[in-house]
Amino acid sequence: LIGGLMRLRVTQWLGAMSYPLYMLHWPFIGGMLALLQWLKPDLKQQDTLVVMLMSGLPLLLGIAWIVHIWLEKPLMRYGRRITGRVVPLAPVPVSS
């Protein structure tokens with residue numbers, strides 16, 4: 001079951017987005033809350049959560065994808081180029 005879930009494209013995509021999501025989620029949540037408080041100061045806590053999930057989550061995923069494509073991947077390529085290291089995409093079997 002777990003292996004099947006890990007082979008799904010969406011799970012692999014979320015795994016690739018994990019570092020940008022980790023780096024961006026708190027500043028994004030703080031900014032969204034501040035913006036919502038400024039735009040709708042009388043918004044209830046439950047409504048704030050709904051707005052955050054319905055609009056904030058897709059927006060955060062999109063921003064994380066942009067950061068992954070335009071910042072993280074080029075920096076990883078640059079790091080491999082200057083160190084001369086090649087990172088294998090799959091484990092290499094070791095023969096005995």
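## A friendly look at a four-helix chain

At 37% relative accessibility, Ile66 counts as partly exposed, because partly exposed residues fall between the buried limit of under 20% and the exposed limit of over 50%. The place of this residue is helix α4. Please keep in mind while reading that the model is a predicted one.

**The overall layout**

How many helices and strands are there in the chain? There are 4 helices and 0 strands, and along the sequence they follow the pattern α-α-α-α. The chain has 96 residues, and 14% of them count as buried. About 8300 Å² of the chain is exposed, with carbon and sulfur atoms supplying 70% of that area. Contacts within the chain can also be sorted by how far apart the partners sit in sequence. Among those between residues at least 6 apart, 65% join residues at least 24 apart.

**A nonpolar patch on the surface**

Ile66 also belongs to a nonpolar patch on the surface. Its companions there are Leu1, Ile2, Leu5, Met6, Leu8, Val10, Trp13, Leu14, Trp65 and Trp70, and together the patch residues have about 1200 Å² of accessible area. Which elements give two or more residues to the nonpolar patch? They are α1 (2–6), α2 (9–16) and α4 (45–83).

**The largest nonpolar core**

Turning from the surface to the buried side chains, the largest nonpolar core has 8 residues. Its members are Met17, Leu21, Phe28, Met32, Leu36, Met52, Leu60 and Ala64. Two or more of these residues come from each of α3 (18–39) and α4. Helix α3 supplies the largest share of the core, 4 residues.

Two core members show what their surroundings look like. Setting aside residues up to four places away in sequence, Phe28 touches Gly56, Leu59, Leu60 and Ile63. Met32, found in helix α3, touches Met52, Ser55 and Gly56 when the same sequence neighbours are left out. Gly56 is thus among the contacts of Phe28 and also among those of Met32. Met32 has 11% relative accessibility, so this residue counts as buried.

**Val51 and its surroundings**

Val51 is found in helix α4. Is Val51 buried or partly exposed? At 30% relative accessibility, Val51 counts as partly exposed. Not counting residues up to four places away in sequence, Val51 touches Leu36, Leu43 and Gly56. The C-alpha atoms of Val51 and Met32 are 9.5 Å apart, while the two residues are 19 residues apart in sequence. For Val51 and Leu33, 18 residues apart along the chain, the C-alpha separation is 9.9 Å.

**A buried histidine**

His68 is another residue of helix α4. With 9% relative accessibility, His68 lies under the 20% limit and therefore counts as buried. Beyond residues up to four places away in sequence, His68 touches Ala16, Met17, Pro20, Lys73 and Pro74. One of these partners, Met17, is also a member of the largest nonpolar core.

**The aromatic pair**

The structure holds 1 aromatic pair. The ring centres of Tyr19 and Tyr22 are 6.4 Å apart and the ring planes stand at 35 degrees, so the pair is tilted. That label applies because planes under 30 degrees apart would count as stacked and planes over 60 as edge-to-face. Both tyrosines lie in helix α3, 3 residues apart, which is about one turn of the helix. Tyr19 is partly exposed at 48% relative accessible area, whereas Tyr22, at 55% relative accessibility, counts as exposed.

**Accessibility side by side**

Here are the individual residues met along the way, gathered in one place.

| Residue | Relative accessibility | Class |
|---|---|---|
| Ile66 | 37% | partly exposed |
| Met32 | 11% | buried |
| Val51 | 30% | partly exposed |
| His68 | 9% | buried |
| Tyr19 | 48% | partly exposed |
| Tyr22 | 55% | exposed |

Terms used
Residues are numbered from 1 along each chain as its sequence is written. This is a predicted model: local features need pLDDT of at least 70, side-chain atom pairs count only at pLDDT 80 or more; totals for chains, interfaces and linings use all residues. Side-chain values use heavy atoms; hydrogens and water are left out. Patches are made of residues with over 30% relative accessible area and no salt bridge: like charges are joined within 9 Å, nonpolar side chains (Val, Leu, Ile, Met, Phe, Trp, Tyr) within 5 Å. Accessible areas come from the Shrake-Rupley method with a 1.4 Å probe; for residues, only the protein chains shown count as cover. A salt bridge is a side-chain nitrogen of Lys or Arg within 4 Å of a carboxyl oxygen of Asp or Glu. Buried means under 20% relative accessible area, exposed over 50%, partly exposed in between (1.4 Å probe, protein chains only). A nonpolar core is a set of buried Ala, Val, Leu, Ile, Met, Phe, Trp, Tyr and Cys residues joined through side-chain atoms within 4.5 Å. Contact means heavy atoms within 4.5 Å. Rings of Phe, Tyr and Trp (its six-membered ring) pair if their centres lie within 6.5 Å; planes under 30 degrees apart count as stacked, over 60 as edge-to-face and the rest as tilted.
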